[in-house]
Amino acid sequence: MTEVFEVTATLLNVRRSPAINPSNVIGTLGLGEHVEKIGQPSTDWLQVQNARVSGFAAVRFLSRIAATSVPAPAPAAAQFIPPQVNFLPSAKASLSSTEHRHRPLGLQVLPRVAGQSDAARCADLNSIVQQLDVEHSARYQPTTKSTYCNIYAYDYCYLAGVYLPRVWWMSKALVDLSRGLPVGVAYGSTVSELTANALFTWLAEWGDEFGWQRCLEVTQLQQQVNTGAVGIICAQRTNLSRSGHIVAVVPESSGHAAERVGQSVVTPLQSQAGARNKAYFASQWWTSLDFRAHGFWIHS
């Protein structure tokens with residue numbers, strides 16, 4: 001018999017452990033969403049799961065609605081997966097220009113190739129960091145009103161041969177695509193730019209369809225990046241009118257390392273554009289109370 005609960009809060013955090021801590025939020029549940037109880041470590045916490053997330057949630061925001069046998073899964077229906085969307089590279093999209101930031105750079109793309117060693121792949125990823133030169137390139141320089149973490153993360157992933165959207169299909173375009181209708185790529189009409197806040201939502205909703213796998217621990221994150229995977233950390237602001245943040249997690253190399261305690265990574269090695277552009281740094285910025293949720297993703 002499975003106990004089913006309904007979320008009674010507008011937004012309920014799901015946590016890695018049964019404790020209130022900004023760093024242990026691994027997902028969220030919406031009002032009215034259903035979850036199954038899989039454990040209860042205390043009177044204040046339930047261990048729950050559904051198709052999207054599994055972890056611990058506060059009992060006071062959950063209402064028991066059923067106790068039923070788990071039904072046999074229905075045959076899976078064919079799922080609609082939107083196609084990737086990118087604009088073509090433009091000569092105006094360059095590291096020395098602030099124009100055409102919605103377009104990819106016309107630089108050499110370095111996808112992982114069959115038989116490539118981990119060391120060679122990591123060297124390619126670090127060469128992308130060096131080529132983008134985030135600390136000096138005009139494309140990423142912050143202004144008093146804007147920062148460009150999403151553009152830098154997109155450029156890094158694009159040049160690594162991994163899909164992270166810079167623009168994504170608008171609602172009506174997704175409906176038309178799901179019906180099999182032809183849809184062109186028209187800025188502001190069929191596609192729009194994604195902020196870091198929107199990228200967090202996209203990764204949670206569509207990331208696995210495009211090769212992104214969420215991981216829970218920074219040690220695993222850094223270990224996989226050190227074997228040539230592309231890693232990112234993305235966080236969504238508590239106040240959605242303010243910018244979220246997204247960074248690339250990059251392979252360790254001579255002179256650039258993650259922070260560790262013993263064999264465990266405490267803070268992965270990262271590269272970012274933002275209020276301060278940094279080619280390499282290590283900081284647990286996502287634990288700030290300014291962020292409502294965060295996630296670690298890997299693309300192998």
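**A sheet, its helices and two cores**

Let's start with one pair of residues: Ile-233 has Phe-296 of β17 as its bridge partner. Keep in mind as you look around that this is a predicted model. The pair belongs to a longer run of contacts, since strands β11 (residues 230–237) and β17 (residues 291–299) are antiparallel and joined by eight bridges.

Now step back to the whole sheet. Six strands form an open sheet with antiparallel pairing, and you can trace them in the order β10-β17-β11-β12-β15-β16. At the edges stand β10 (212–215) and β16 (278–281); each has a single partner strand, so one side of each is left without a neighbour in the sheet. From one strand to the next, the twist averages 30°.

Two helices are worth finding next. Helix α5 (residues 218–225) lies across β10, β11, β12 (245–249) and β17, and runs at about 35° to β17. Helix α1 (residues 118–132) lies across β11, β15 (270–272) and β16, with an angle of about 135° to β16.

Finally, turn to the nonpolar side chains. The largest nonpolar core has 52 residues, and the members that touch the most others are Tyr-156, Leu-164, Trp-168, Trp-202 and Trp-212. Helix α2 (residues 149–159) gives the most to this core, contributing seven residues. Trp-168 is a good place to zoom in: beyond its neighbours within four places in sequence, its contacts include Pro-82, Pro-83, Leu-174, Trp-202, Trp-206 and Phe-210. There is also a second, separate core of 17 residues, and among them are Cys-215, Val-249, Trp-285 and Phe-296. That brings us back to Phe-296, the bridge partner of Ile-233.

Terms used
Residues are numbered from 1 along each chain as its sequence is written. This is a predicted model: local features need pLDDT of at least 70, side-chain atom pairs count only at pLDDT 80 or more; totals for chains, interfaces and linings use all residues. Side-chain values use heavy atoms; hydrogens and water are left out. Two strands pair if DSSP finds at least two bridges between them. Helices (H or I, at least four residues) and strands (E, at least two) are DSSP runs, numbered from the N terminus. Axes are lines fitted to C-alpha atoms, for helices over the stretch in contact, and angles run from 0 to 180 degrees between N-to-C directions. Contact means heavy atoms within 4.5 Å. A nonpolar core is a set of buried Ala, Val, Leu, Ile, Met, Phe, Trp, Tyr and Cys residues joined through side-chain atoms within 4.5 Å. Buried means under 20% relative accessible area, exposed over 50%, partly exposed in between (1.4 Å probe, protein chains only).
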